[in-house]
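Open the model in your viewer and keep the selection panel at hand. The stops below follow one another, each with something to select.

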Amino acid sequence: MRKGLTAGTEMTIGWGLKTFSRDALDKIHAATLDVLRSTGLSVACDEALDILARGGCRVNRKTQVVRFPDHIVQQCMAMCPSHVLLAGREPANDFMMGGSRIGFTTFGTGVMTEDLVSGKIRESTKDDVAKIAVLTDALKHMDVLSSPVTARDMPNTSCDLHMLEAALVNCTKHYHCEAEDGDRALKMIEMAAAVAGGEEALRDRPVFSLSACPTSPLQLIKECAEVIIQSAKHWIPINVLSMVMAGASSPISISGALVTHNVEVLAGIILAQLTNPGAPVIYGSSSTTFDMRHGNAVVGVPEMAMMSAGAAELANFYGLPSYVAGG
């Protein structure tokens, strides 16, 4: 088991960062409940609508809008495990998410890279993914592999499968990745089970995890919902990662953007828990602000760091492990 730093430990000395007070977190939570109850989310997946309806959510089949009563939200959040094992192919590289423990990962996923021989910018390849996996395996301060680039030389119909192969073959640490849809998620689960020693072994020691991104504002599209459902059914940790843009797909204020962010993440987590109570879930964030001059999302800015810190505090508020982008 890998050992890391800790964050948020209560001490009377030293430096610390607290983005929101407990009262402020209560207000964000209350606003989140209001949006989930009164506005709801668009869920464009028939299987997800069936699951949510059976679980007690208010489903409008015609509009595909789902509203979440307060008691359903509270029940589902109480089902979530507080710690999630991200197993490595070697047990020495296991990483346990949760509490105040901090881990580090390479973040993705770009489509271009700088060629180390020619120095030219080109599309990334499966070989790049493999080489980064080898490098990540050797970096002692990296706990989990998330491929920073994608295999652009592989077919769109199987790119994520090729990346999983490159990661599992070349790295003994846990691999965190994305699947294009539910069918591809199932194929990836089959591949990982072959490496782990079977489906039961994979459930006990998940050597990979998946990420699913709601579409802001307030949508779970078909592919996203499918990945959440298949992950939950097979006990694969699922990172529900919102990517709101403050000022574009959410209110421009940090707290307002985090309400939209929180609604999207909690909706995905509720879908996972109603699919399979106790399924391992991660509270994710790659939310940032919107550059109105150039019309794009920006990273490496103070607002993103503030939103990431706020998202981590919300995860702690719910007792969930978190995965946030650097600022």
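Begin with Ser211. Beyond its neighbours within four places in sequence, Ser211 is in contact with His176, Cys177, Glu178, Val227, Ile238, Asn239 and Leu241. The model is a predicted one. Ser211 itself belongs to strand E12. Is Ser211 buried or exposed? Its relative accessibility is 8%, so Ser211 counts as buried, the cut-off being under 20%.

**The second largest pocket**

Now select Thr109, Cys177, Glu178, Ala179 and Glu180, the residues that lie nearest the centre of the second largest pocket. The lining of this pocket has 36 residues, and its volume is about 820 Å³. Colour these elements next: helix H5 (159-170), strand E11 (174-178), helix H6 (182-196), strand E12 (208-212), helix H8 (222-233) and strand E14 (238-242), each of which gives two or more residues to the lining. Which element gives the most to the lining? It is E11, with four residues. Coloured by residue class, the lining of the second largest pocket shows 18 nonpolar, twelve polar and six charged residues.

**Helix H8**

Stay with one of the contributing helices and select H8. Its end C-alpha atoms are 16 Å apart, and twelve residues at 1.5 Å a residue should span 16 Å, so the two values agree. How many of the twelve residues of H8 are buried? Nine are, and the helix is mostly covered. Show them as sticks: Cys224, Ala225, Glu226, Val227, Ile228, Ile229, Gln230, Ser231 and Ala232. Val227, in this buried set, is also one of the contacts of Ser211. To see what covers the buried residues of H8, add helix H2 (46-54), H6, E12, strand E13 (219-220), E14 and helix H9 (254-275), which are among the covering elements. Then step just past the end of H8 to Trp235, where phi is positive, about 60°.

**Helix H10**

Move on to helix H10 (residues 302-318). For its 17 residues, 1.5 Å a residue gives an expected span of 24 Å; the end C-alpha atoms lie 25 Å apart, which agrees. H10 is mostly covered, with twelve of its 17 residues buried. Select them: Met304, Met307, Ser308, Ala309, Gly310, Ala311, Ala312, Glu313, Leu314, Ala315, Phe317 and Tyr318. What do the buried residues of H10 pack against? Show helix H1 (22-39), helix H3 (70-79), H9, strand E16 (281-285), strand E17 (288-291) and E19. After H10 comes Gly319, with a positive phi near 75°.

**Aromatic pairs**

The last stop is the aromatic rings. How many aromatic pairs does the structure hold? There are two. Select Phe107 and Tyr323: the ring centres are 6.1 Å apart and the planes meet at 40°, so this pair is tilted. The two residues are 216 apart in the chain and link distant parts of it, with Phe107 in the loop between strand E7 (101-102) and strand E8 (112-114) and Tyr323 in strand E19 (residues 322-324). Phe107 is partly exposed, at 38% relative accessible area, whereas Tyr323 counts as buried at 12% relative accessibility.

Finish on Phe317 and Tyr318, which form an edge-to-face pair with 5.1 Å from centre to centre and 85° between the planes. Both Phe317 and Tyr318 are buried.

Methods. Residues numbered from 1 in each chain as written. Predicted model: local features only at pLDDT ≥ 70, side-chain atom pairs only at ≥ 80, totals over all residues. Heavy atoms only, no water. 1 Å grid on protein atoms, 1.4 Å probe; cavity = no way out; pocket = protein on both sides within 12 Å on 5 of 7 lines; lining within 4 Å. Points joined across faces, edges and corners; volume = space filled by probe spheres on them. Nonpolar A, V, L, I, M, F, W, Y, C, P; charged D, E, K, R; others polar. Phe/Tyr/Trp six-rings, centres within 6.5 Å; stacked < 30°, edge-to-face > 60°. Buried < 20%, exposed > 50% of the residue type's maximum accessible area, 1.4 Å probe, protein only. Expected span 1.5 Å × (residues − 1). Contact = heavy atoms within 4.5 Å.
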